[in-house]
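Reader: Could you take me through one part of this model in detail, namely the place where two helices pack against each other and the core around them? I'd like the wider setting first, then the close-up.

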Amino acid sequence: MRRQFVSYLFGGLALLTTTVTPIRAADVAAGKEKAEMCVSCHGENGISQTENIPSLAGQPDQFLQWQLVFFRAGTRKNELMQPIVEQLNNDDIRNLGAYFSSLTPPKGPKDDDPDLSEKGKQAAAGRRCASCHTDSYAGTKAVARIAGQREDYLVKALHDYKSSARSGGGMAAMAEVAYPLSEEEITALAHYLAHL
């Protein structure tokens, strides 16, 4: 009986090793080429110059990949993104994630309202934003980099989470954090994070 089990086990393992398709490593150069279609909205080198459009440079690779998957699946909705991501295969998504994560993230502009930033810093501490986004707010794995992100986009994202208009990764946690935020806290948080 034991001999038969061992035979099945090794036979199964042999079958698995010959039928599983290996995951290919991401190709940053292919990602850069594919990213040409992203430039008009997300900016040259992934740094957005367009209102309410996020910068992608320096975002964590896994975060970028998940967002593209959510858009492609229709879990996260955006009328401009949907027709673009429908054309992406899994290799494209891996390559885009690798490319944008390899870019230097945007630097926050000079802080023109330190008092508002201090209020935002207090709100971030009170809402424990660093527990997911890291102490430097650079994000990690499937969690977004929010340091240096466009201020108008951060306001929009917080409103979308607060109203449940945005779904996808982290939705439950972000909705719980954003729902009780006042308009003043949203403004202060966005200002603080954008200027880091």
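Author: Sure, setting first. The protein has 11 helices and 0 strands, where helices (H or I, at least four residues) and strands (E, at least two) are DSSP runs, numbered from the N terminus. Read from the N terminus, then, the order of elements is simply α-α-α-α-α-α-α-α-α-α-α. Keep in mind that this is a predicted model: local features need pLDDT of at least 70 and side-chain atom pairs count only at pLDDT 80 or more, while totals for chains, interfaces and linings use all residues. Residues are numbered from 1 along each chain as its sequence is written, and side-chain values use heavy atoms, with hydrogens and water left out.

Of the 196 residues, 37% are buried; buried means under 20% relative accessible area, exposed over 50%, and partly exposed in between (1.4 Å probe, protein chains only). The accessible surface comes to about 11800 Å², and carbon and sulfur atoms account for 57% of that. Those areas come from the Shrake-Rupley method with a 1.4 Å probe, and for residues only the protein chains shown count as cover. As for contacts, meaning heavy atoms within 4.5 Å, take those between residues at least 6 apart in sequence: 70% of them join residues at least 24 apart.

Now the close-up. The pair to look at is α7 and α11, which pack at an angle of about 100° with their axes 7 Å apart. Axes here are lines fitted to C-alpha atoms, for helices over the stretch in contact, and angles run from 0 to 180 degrees between N-to-C directions. The two helices are therefore roughly perpendicular to each other, on a scale where under 35 degrees is roughly parallel, over 145 roughly antiparallel, 65 to 115 roughly perpendicular and the rest oblique.

Who touches whom? From α7 come Leu116, Ser117, Lys119, Gly120, Lys121, Ala123 and Ala124, and they meet Thr187, Ala188, Leu189, His191 and Tyr192 of α11. The residues of this contact divide into 6 nonpolar, 4 polar and 2 charged. In that count, Ala, Val, Leu, Ile, Met, Phe, Trp, Tyr, Cys and Pro are nonpolar, Asp, Glu, Lys and Arg are charged, and the others, Gly among them, are polar.

Leu189 deserves a second look. The largest nonpolar core has 20 residues, and Tyr137 and Leu189 touch the most other members. A nonpolar core is a set of buried Ala, Val, Leu, Ile, Met, Phe, Trp, Tyr and Cys residues joined through side-chain atoms within 4.5 Å. Two or more residues of this core come from each of α7 (114-126), α9 (151-162), α10 (171-178) and α11 (183-194), and α11 gives the most, with 6 residues. Neighbours within four places in sequence aside, Leu189 is in contact with Gly120, Ala123, Ala124, Cys129, Leu158 and Leu181. Apart from this core lies another, of 15 residues, with Ala35, Leu68, Leu88 and Phe100 among them. As general background, nonpolar side chains in soluble globular proteins tend to be buried together.

Around the helix pair, a few residues show how far along the chain the partners sit. Lys121, in helix α7, is 68 residues from Leu189 in sequence, yet their C-alpha atoms are 6.8 Å apart. Lys121 itself is partly exposed, with a relative accessible area of 43%. Asp115 is also in α7, and here the residue is exposed, at 59% relative accessible area. The C-alpha atoms of Asp115 and Tyr192 are separated by 9.6 Å, with their positions 77 residues apart along the chain.

Just ahead of α7, in the loop that follows α6 (90-102), you'll find Asp112. Asp112 is exposed, with a relative accessible area of 64%. Leaving out neighbours within four places in sequence, its contacts are His191 and His195. Asp112 and His191 are 79 residues apart in sequence and 9.5 Å apart C-alpha to C-alpha.

One more loop is worth a glance, the one between α8 (130-133) and α9, where Thr134 sits. Thr134 is partly exposed, at 23% relative accessible area. Beyond its neighbours within four places in sequence, Thr134 is in contact with Cys129, Gly139 and Thr140. Cys129 is also on the contact list of Leu189, which takes you back to the core.
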